[in-house]
Amino acid sequence: ADGRKSFVLGPTIDCIVGMSRDESEALREELEAWCIQPQFIYKHDWTVGDLLIWFNSATMHHAVEYTGPELRLLHRITITGE
């Protein structure tokens with residue numbers, strides 16, 4: 001870790017410390033709208049053998065419903081510590 005602070009953003013946050021709930025929600029919505037602009041979005045078109053890895057606590061992600069006939073296998077791991 002390089003000592004930089006981060007900000008968790010998403011619909012599950014309760015509020016931002018030091019702000020009223022209304023202010024906190026307004027800021028969350030503004031930041032989220034900025035983050036989900038098309039130039040920041042990556043959508044993966046799956047092919048056989050693909051492997052995707054992302055840093056869960058530093059990446060906003062959203063899964064869309066899977067409608068394909070093939071089986072999918074998902075493993076989630078959490079690494080503790082720095």
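Visitor: What secondary structure does the chain have, and how many helices and strands are counted?

Guide: In this predicted model, the chain has one helix and zero strands. The helix, α1, covers residues 21-35.

Visitor: What makes the chain more spread out than a compact globule?

Guide: The globule rule gives 12 Å for 82 residues, whereas the radius of gyration of the chain is 17 Å. The value is well over the rule, so the chain is described as more spread out than a compact globule. Along its principal axes, the C-alpha trace spans about 45 × 30 × 25 Å.

Visitor: What share of the residues counts as buried, and what does the chain expose?

Guide: Of the 82 residues, 7% count as buried. The exposed area of the chain is about 8400 Å², and carbon and sulfur atoms supply 58% of it. Among contacts with a separation of 6 or more, 23% join residues 24 or more positions apart.

Visitor: Why is Ser 24 called buried?

Guide: A residue is buried under 20% relative accessible area. Ser 24 has a relative accessibility of 2%, so Ser 24 counts as buried. Ser 24 is found in helix α1. Leaving out residues up to four places away in sequence, Ser 24 touches Cys 15, Ile 16 and Met 19.

Visitor: Why is Cys 15, one of the residues that Ser 24 touches, classed as partly exposed?

Guide: Partly exposed applies between the limits of 20% and 50%. Cys 15 has a relative accessible area of 34%, and therefore belongs to that class. Cys 15 lies in the segment before α1. Beyond residues up to four places away in sequence, Cys 15 touches Arg 21 and Ser 24. Between Cys 15 and Thr 78, which are 63 residues apart in sequence, the C-alpha to C-alpha distance is 25 Å.

Visitor: What is in contact with Ile 13, leaving aside its neighbours within four places in sequence?

Guide: Ile 13 is in contact with Val 8 and Arg 28 on that basis. Ile 13 is found in the segment before α1. The C-alpha atoms of Ile 13 and Cys 35 are separated by 16 Å, with their positions 22 residues apart along the chain.

Visitor: How do you know that His 62 is exposed?

Guide: Exposed means over 50% relative accessible area. The relative accessibility of His 62 is 69%, so His 62 counts as exposed. His 62 is found in the segment after α1. Lys 43 is 19 residues away from His 62 along the chain, and their C-alpha atoms are separated by 9.8 Å.

Visitor: What makes Trp 34 and Phe 40 an aromatic pair, and why is the pair called tilted?

Guide: The structure holds one aromatic pair, formed by Trp 34 and Phe 40. Rings pair if their centres lie within 6.5 Å, and these two lie 4.8 Å centre to centre. Planes under 30 degrees apart would be stacked and those over 60 edge-to-face. The angle here is 45 degrees, which is neither, so the pair counts as tilted.

Visitor: Why do the two members of this pair fall into the classes exposed and partly exposed?

Guide: Trp 34 has a relative accessible area of 53%, and is therefore exposed, the limit being over 50%. Phe 40 has 41%, so Phe 40 is partly exposed.

Visitor: How many positive and negative side chains does the chain have, and where do the centres of the two sets lie?

Guide: The chain has 7 positive and 13 negative side chains. The centres of the two sets lie 4 Å apart.

Definitions and conventions
Residues are numbered from 1 along each chain as its sequence is written. This is a predicted model: local features need pLDDT of at least 70, side-chain atom pairs count only at pLDDT 80 or more; totals for chains, interfaces and linings use all residues. Side-chain values use heavy atoms; hydrogens and water are left out. Rings of Phe, Tyr and Trp (its six-membered ring) pair if their centres lie within 6.5 Å; planes under 30 degrees apart count as stacked, over 60 as edge-to-face and the rest as tilted. Buried means under 20% relative accessible area, exposed over 50%, partly exposed in between (1.4 Å probe, protein chains only). Helices (H or I, at least four residues) and strands (E, at least two) are DSSP runs, numbered from the N terminus. The radius of gyration is taken over C-alpha atoms; the globule rule is 2.2 Å times the number of residues to the power 0.38. Contact means heavy atoms within 4.5 Å. Accessible areas come from the Shrake-Rupley method with a 1.4 Å probe; for residues, only the protein chains shown count as cover. Lys and Arg count as positive and Asp and Glu as negative; His and the chain ends are not counted. The place of a charge is taken as NZ of Lys, CZ of Arg, CG of Asp or CD of Glu.
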